[in-house]
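Got the viewer open? Let's walk through this one together, one selection at a time.

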Amino acid sequence: MDDLHVPPGPGAPRGLRVPVGELLEQFSHASGPGGQGVNTSDSRVQLSLDLATTTALTDSQRALALDRLAGRLAGTVLTVSAAEHRSQRRNRSAARQRLATLLREALVPDPVRRATRPTRGSRRRRLEGKRRRSETKQYRRRPGPD
């Protein structure tokens, strides 16, 4: 098995290379269709990567990934599984692709928002709406003594 390559993208302009020694693969029986082979082959793949100790990430990338993937982590370990194919080889490939996609999406920086001012038309529409709402509420009041 080769190193895991994450293609270049925002947050990782040169891409990432996760050494194969840092990846942990576990195999088990997959459920679902597969005929007689499903009971005899360990085709389900679980691929794990410890984000806290990997050498593929810089400190800033590590902090961002740990924050963004917090809901998917067990401690600091990110685990993906693949069992949609009948062959172990295709499931290994799918799990590696899934892990690379998760890492790439986690490293995308937040978009920078430029502060803008409301347009004259939007301010006018907002005030007209407030005036209309005020009139509606005035009609609901109890009539005066006149």
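Start with the open sheet in this predicted model: four strands in the order β3-β4-β6-β5, with antiparallel pairing. Colour β3 (23-28) and β5 first, since these are the edge strands, and each of them pairs on one side only.

Next, select β6, residues 77-82. Which residues sit on its covered face? Look for L78, V80 and A82 there. Flip the view and you have the uncovered face, made of V77, T79 and S81.

Keep β6 on screen and add β4, residues 44-50. The two strands pair in the antiparallel sense, over six bridges. To check the register, show L47 as sticks: it stands opposite V80 in β6.

Now go to the other neighbour of β6. Strand β5 covers residues 73-74, and two bridges join it to β6, again running antiparallel. Here the pair to show is A74 and V77, which stand opposite each other. β5 and β6 form a hairpin with two residues between them. Click on G75 in that turn, and you'll find a positive phi of about 75°.

Time for the helix. Select α2, residues 88-106, and you'll see it lying across β3, β4 and β6. It runs at about 140° to β6. If you like a sanity check, put a distance between its end C-alpha atoms: they are 27 Å apart, which agrees with the 27 Å that its 19 residues should span at 1.5 Å a residue.

Which α2 residues are buried? Select N91, A94, A95, R96, L99, A100, L102, L103 and A106. Remember, an α-helix has 3.6 residues a turn, so residues three or four places apart point the same way. The buried residues of α2 pack against β1, β2, β3, β4, α1 (59-68) and β6.

Zoom in on L99. Leaving aside neighbours within four places in sequence, L99 is in contact with L4, L23, L47, L49, L78 and V80. You've already met L78 and V80 on the covered face of β6.

That takes us to the largest nonpolar core, which has 26 residues. Show L51, L78, L99 and L103, the ones with the most contacts inside it. β1 (4-6), β2 (16-18), β4, β6 and α2 each supply at least two residues of this core. Which element gives the most? That's α2, with seven residues.

Stay on α2 and select N91. Is N91 buried or exposed? With 0% relative accessibility, N91 counts as buried. Now look for a polar partner: a polar atom of the N91 side chain lies 3.4 Å from the backbone nitrogen of E84. Not counting residues up to four places away in sequence, N91 touches S43, R44, V45, A82, A83, E84 and H85.

For the last stop, move over to helix α1 and pick Q61. Because its relative accessibility is 12%, Q61 counts as buried; the cut-off is under 20%. Which backbone oxygen does its side chain reach? That of G11, at 3.0 Å. Show the surroundings too: beyond its neighbours within four places in sequence, Q61 is in contact with G11, A12, L16, A56 and L107.

Note on methods: Residues are numbered from 1 along each chain as its sequence is written. This is a predicted model: local features need pLDDT of at least 70, side-chain atom pairs count only at pLDDT 80 or more; totals for chains, interfaces and linings use all residues. Side-chain values use heavy atoms; hydrogens and water are left out. Buried means under 20% relative accessible area, exposed over 50%, partly exposed in between (1.4 Å probe, protein chains only). Two strands pair if DSSP finds at least two bridges between them. Contact means heavy atoms within 4.5 Å. Axes are lines fitted to C-alpha atoms, for helices over the stretch in contact, and angles run from 0 to 180 degrees between N-to-C directions. A nonpolar core is a set of buried Ala, Val, Leu, Ile, Met, Phe, Trp, Tyr and Cys residues joined through side-chain atoms within 4.5 Å. A polar contact is a pair of N or O atoms within 3.5 Å; within protein, one must be able to donate a hydrogen and the other to accept it, and residues adjacent in sequence count only if both atoms are side-chain atoms. The expected span of a helix is 1.5 Å times one less than its number of residues.
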